[in-house]
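Q: I am new to this structure. Please take me closely through one part, the surroundings of the ligand, and then show how that part connects to the rest.

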Amino acid sequence: MRAQTQATTAHASIEILCTDVAMTRALGKQLGARLARGDVIALQGDLGAGKTNFTQGLAQGLDIHDDVASPTFILANEYRDGRLPLYHIDAYRLAETAHADDFGLDDYLNGDGVTVLEWAERVRAALPRDVLWIAFEYRGENERALTFTAHGARSRALLDALQNAVGA
Ligand SMILES: Nc1ncnc2c1ncn2[C@@H]1O[C@H](COP(=O)(O)OP(=O)(O)O)[C@@H](O)[C@H]1O
Ligand SMILES: [Mg+2]
């Protein structure tokens, strides 16, 4: 695992190169195991960049055993059989079909669980500030670069914990 750390007063970020899909899912699981009520994880990256696979690993880290599917045509899926509820939202169509307000995005963000958004940049203005952003970038057939960026105390704590866990 290769990682680079950059810290500024405004935010901190690390880049991790995932050399296969199993590694992306394992990283998601590591994060999921550390999440707490109210955490928001914002995923961005093109179709096929690995956002759903990462979320499936994250669900495992929350001890969720239900199959986590892509929410693309449903906008949001809720999983309640784990340590905490997981709200898995796809903002791709959300941005096309409804305003975040109408959709009730706030109810998820203020709910009892963890919210993970794919295509989160489309609803950036509706998100709280202290969110862990993860940008997925295609680097090759089996390689994806994941850049984790913290924007506040809680997301920074998550980023630091993840960094320790993977020895980055
Ligand atoms: N290192 C990797 N991390 C994540 N996905 C990978 C990786 N290498 C190959 N893939 C493949 O890329 C695709 C990612 O799909 P998916 O997770 O649904 O992406 P997204 O939700 O961003 O559209 C899957 O077919 C997966 O097997
Ligand atoms: Mg997806």
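A: One convention is needed to begin. Ala, Val, Leu, Ile, Met, Phe, Trp, Tyr, Cys and Pro count as nonpolar, while Asp, Glu, Lys and Arg count as charged. The others, Gly among them, count as polar. Keep in mind that this is a predicted model.

By that scheme, the shell around ligand 1 holds five nonpolar, eight polar and five charged residues. There are 18 residues around ligand 1. Those that come nearest are Thr24, Gly50, Lys51, Thr52 and Asn53. Three elements give two or more residues each to this shell: α1 (21-32), α2 (51-61) and β8 (143-150). The largest share comes from α2, with three residues.

Now take these elements in turn, with α1 to begin. This helix has twelve residues. At 1.5 Å a residue, α1 should span 16 Å, and its end C-alpha atoms are 16 Å apart, so the two values agree. Its buried residues are Met23, Thr24, Arg25, Leu27, Gly28, Leu31 and Gly32. Thr24 is thus buried, and Thr24 is also among the residues that come nearest to ligand 1. What do the buried residues of α1 pack against? They pack against β2 (12-18), α2, β8 and α6 (153-166). Two of these partners, α2 and β8, also give residues to the shell.

Next comes α2. The loop between α2 and β4 (76-79) contains Asp63. Phi of Asp63 is positive, about 65°, although Asp63 is not a glycine. Most residues other than glycine have a negative phi. Is Asp63 buried or exposed? Asp63 is exposed, because 12 other C-beta atoms lie within 10 Å and the cut-off for exposed is 12 or fewer.

The third element is β8. This strand runs antiparallel to β7, and seven bridges join the two. Ala135 has Thr147 of β8 as its bridge partner. β7 and β8 make a hairpin, with two residues between them.

From β8, the path leads on through β7. Strand β7 (residues 132-140) also pairs with β3 (residues 40-44), in the parallel sense, over four bridges. Opposite Ile41 stands Leu132 of β7.

Leu132 takes us to the core. The largest nonpolar core has 42 residues, and the members that touch the most others are Ala42, Leu43, Leu132 and Ile134. In soluble globular proteins, nonpolar side chains tend to be buried together. Which residues does Ala42 contact, leaving aside its neighbours within four places in sequence? They are Leu117, Ala120, Leu127, Val131, Leu132 and Trp133.

One more residue deserves a look here. Trp119 lies in the loop between β6 (114-118) and β7. Its phi is positive too, near 55°, and Trp119 is not a glycine. Trp119 is buried, because 21 other C-beta atoms lie within 10 Å and the cut-off for buried is 20 or more.

Last, the whole chain. The protein chain has six helices and eight strands. Along the sequence they follow the pattern β-β-α-β-α-β-β-α-α-α-β-β-β-α. Of its 168 residues, 39% count as buried. Among contacts between residues at least 6 apart in sequence, 64% join residues at least 24 apart.

Definitions and conventions: Residues are numbered from 1 along each chain as its sequence is written. Chains are lettered from A and ligands numbered from 1 in the order in which they are written. This is a predicted model: local features need pLDDT of at least 70, side-chain atom pairs count only at pLDDT 80 or more; totals for chains, interfaces and linings use all residues. A nonpolar core is a set of buried Ala, Val, Leu, Ile, Met, Phe, Trp, Tyr and Cys residues joined through C-beta atoms within 7 Å. Two residues are in contact if their C-beta atoms, placed from the backbone, lie within 7 Å. A residue is near a molecule or strand if its C-beta atom, placed from the backbone, lies within 6 Å of it. Two strands pair if DSSP finds at least two bridges between them. The expected span of a helix is 1.5 Å times one less than its number of residues.
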